[in-house]
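Open the model in your viewer and keep the selection box handy. We'll walk through it stop by stop.

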Amino acid sequence: MTIDLIDDLKWRGLIAQTTDEAELRKALAKPITLYVGFDPTAPSIHVGNLVVLFVLRRFQLAGHNPLPLVGGATGLVGDPSGKNEERTLNTTEVVGQWVDRIKGQLSKFMDFETTKNPAVMVNNLDWTAPMSAIEFLRDIGKHFSVNQMLNKDAVSARLEKDGISYTEFSYQVLQSMDYLELFRRHNCTLQIGGSDQWGNITAGLDLIRRVESASAHALTVPLLTKADGTKFGKTAGGSVWLDPEMTSPYAFFQYWLNSDDKDVINFLKVFSFKSRAEIETLESAHNANPGAREAHRELARELTSLVHSPEIAVRVEEAARALFGQGDLASLDEATLAAALAELPRTQVEKGSEIPTWVDLLAATGVVDSKSAARRIVKEGGAYLNNEKVIGEDFRLEKSHFLCGKYAVLRKGKRDLAAVELL
RNA sequence: GGCGGGUUGCCCGAGCGGCCAAUGGGAGGGGACUGUAAAUCCCCCGGCUCUGCCUUCGAAGGUUCAAAUCCUUCACCCGCCA
């Protein structure tokens, strides 16, 4: 351990709050066990979750024992933190499926094989489900003061708005129980989470202190912000997910590549496992010539490799280069073209049948929401066929427009691409 | 439980019988300029078989030649009083 972990995290801007920092540093001198929880609120985790997940990985790389936790129980209840209204409950079957999928995703980022400090996957349903209501109220509930619970930000914010159900009000107790349980089972002495989790985490610390007369630690990661004030990890279409079915690797790569200049170095610090020196080299390259976007490319490559695979990352980048390159599409060979288009939304046309009109094709690929939108975009001069602007609404493709006799590339605006395949 | 106010397009928010697919802002989209960036400027922003037609203004009924606008019932929210 040549680099101090806490110093590195600070440099990356990854520490919002900690319990006694001096104590924490002292504790980290030896390998400790720590956990981070992820609630199944969707079938996949998204890039926002990556921030704290990667912090967990950084701890493992530094020799500590990570416990990725999937909230099979807490996901059934709903965390009020950061939400200004009550959530609708998902069924146990649905949450159960999500738990499995999220476990799979979390696994990709942890090392379970190493003999030194392997990660251990845990699910809070394992200790929460068997507990009876009486046990819960007597053994756990007795240690909580409602007065204090009401004072937590997540709860008081909701009391001032539309109120909060008993279900969500109880969330902090469940999460505290997790920390206590992991302390007992694994001697887990550090919990990490987003800064909105501070209240829940400290509630756990209090519980451990009361029940076990022991002290443990907390570390929270700041909410990631973007220079333009919009939410990180969201696009017009919704969140950027890790699941390739929900966000294609191509779109995933593009999300990072299109980062604001003002954000890109920050993103590297947060998401990249490159060293400080490497990131600083990229930073000076970026400042010297931002148009080259070397930092953006490295960011997109590294994350796509990590989340999908190095092979996919290469493929997706090549696709982007082919489709955005000024080189004309007609000169591409069929294999390159097919590979590039594989990443895009597409529609198919039977060889014998009549080729639909330009407007119909645009709508069919889904680059626009409706035919009206397609007409609008054509009228505004934002529709392109094989990188050439097309004006008439009634325009029809002909056989000769299909590159290699098979593919046509549709584009809306600068970067929204789709393919038409002739079958 | 009583009285009063509200529920409008992705979000906020005008409209209060015909001139309303519905003012304005934000978000979003296209163009220009660039670097598949930001900022800026211009334009667009319910759908369709598109000089017209269809579906929208919490839900369901009703009045009227005509309703987002009036009436009735229901649901939810917000105040004040119990």
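Start with two domains of chain A: the C-alpha centres of domain 1 and domain 2 lie 29 Å apart. To colour the whole chain, select 5–221 as domain 1, 234–324 as domain 2 and 343–422 as domain 3; these bounds come from an automatic or database domain assignment.

Some ground rules before moving on. This is a predicted model, in which local features need pLDDT of at least 70 and side-chain atom pairs count only at pLDDT 80 or more, while totals for chains, interfaces and linings use all residues. Residues are numbered from 1 along each chain as its sequence is written, and chains are lettered from A and ligands numbered from 1 in the order in which they are written.

Now colour by pLDDT, the predictor's confidence in each residue, from 0 to 100. Chain A averages 91, and 97% of the residues score at least 70. The model as a whole scores ipTM 0.85 and pTM 0.88.

**Stop 1: where domains 1 and 2 touch**

Here 13 residues of domain 1 are in contact with eleven residues of domain 2 (contact means C-beta atoms, placed from the backbone, within 7 Å). Select helix H3, residues 47–61: this helix gives four residues to the domain 1 side, the largest share. Helices (H or I, at least four residues) and strands (E, at least two) are DSSP runs, numbered from the N terminus. By class, that side of domain 1 has eight nonpolar residues, four polar and one charged. For these classes, Ala, Val, Leu, Ile, Met, Phe, Trp, Tyr, Cys and Pro count as nonpolar, Asp, Glu, Lys and Arg as charged, and the others, Gly among them, as polar.

**Stop 2: the six-stranded sheet**

Show the open, mixed sheet that runs S1-S6-S5-S2-S3-S4. Its edge strands are S1 (17–18) and S4 (122–123), each pairing on one side only; strands pair if DSSP finds at least two bridges between them. Next, select S2 (33–38) and S5 (188–194), which pair in the parallel sense over four bridges. To find one of those bridges, pick Val36, whose partner in S5 is Ile192. Then add helix H11 (171–186), which lies across S2, S3, S4 and S5 and runs at about 145 degrees to S5. For that angle, axes are lines fitted to C-alpha atoms, for helices over the stretch in contact, and angles run from 0 to 180 degrees between N-to-C directions.

**Stop 3: the five-stranded sheet**

This open sheet has the order S9-S13-S12-S10-S11, again with mixed pairing. S9 (346–349) and S11 (388–389) are at the edges with a single partner strand each, so one side of each has no neighbour in the sheet. S9 pairs with S13 (416–422) in the parallel sense over four bridges, and Val349 has Leu422 as its partner in S13. S12 (407–412) and S13 are antiparallel, with six bridges. Zoom in on their hairpin: three residues sit between the strands, and Gly413 takes a positive phi near 65 degrees.

**Stop 4: RNA strand B**

Which residues are closest to RNA strand B? Of the 30 that surround the strand, they are Ala320, Lys371, Ser372, Gly382 and Gly413 (near means a C-beta atom, placed from the backbone, within 6 Å). H13 (249–257), H17 (310–324) and H20 (371–379) are the elements giving two or more residues to this surface, and H20 has the largest share with six. Colour by class to finish: seven are nonpolar, nine polar and 14 charged.

Terms used. Contact = placed C-beta atoms within 7 Å.
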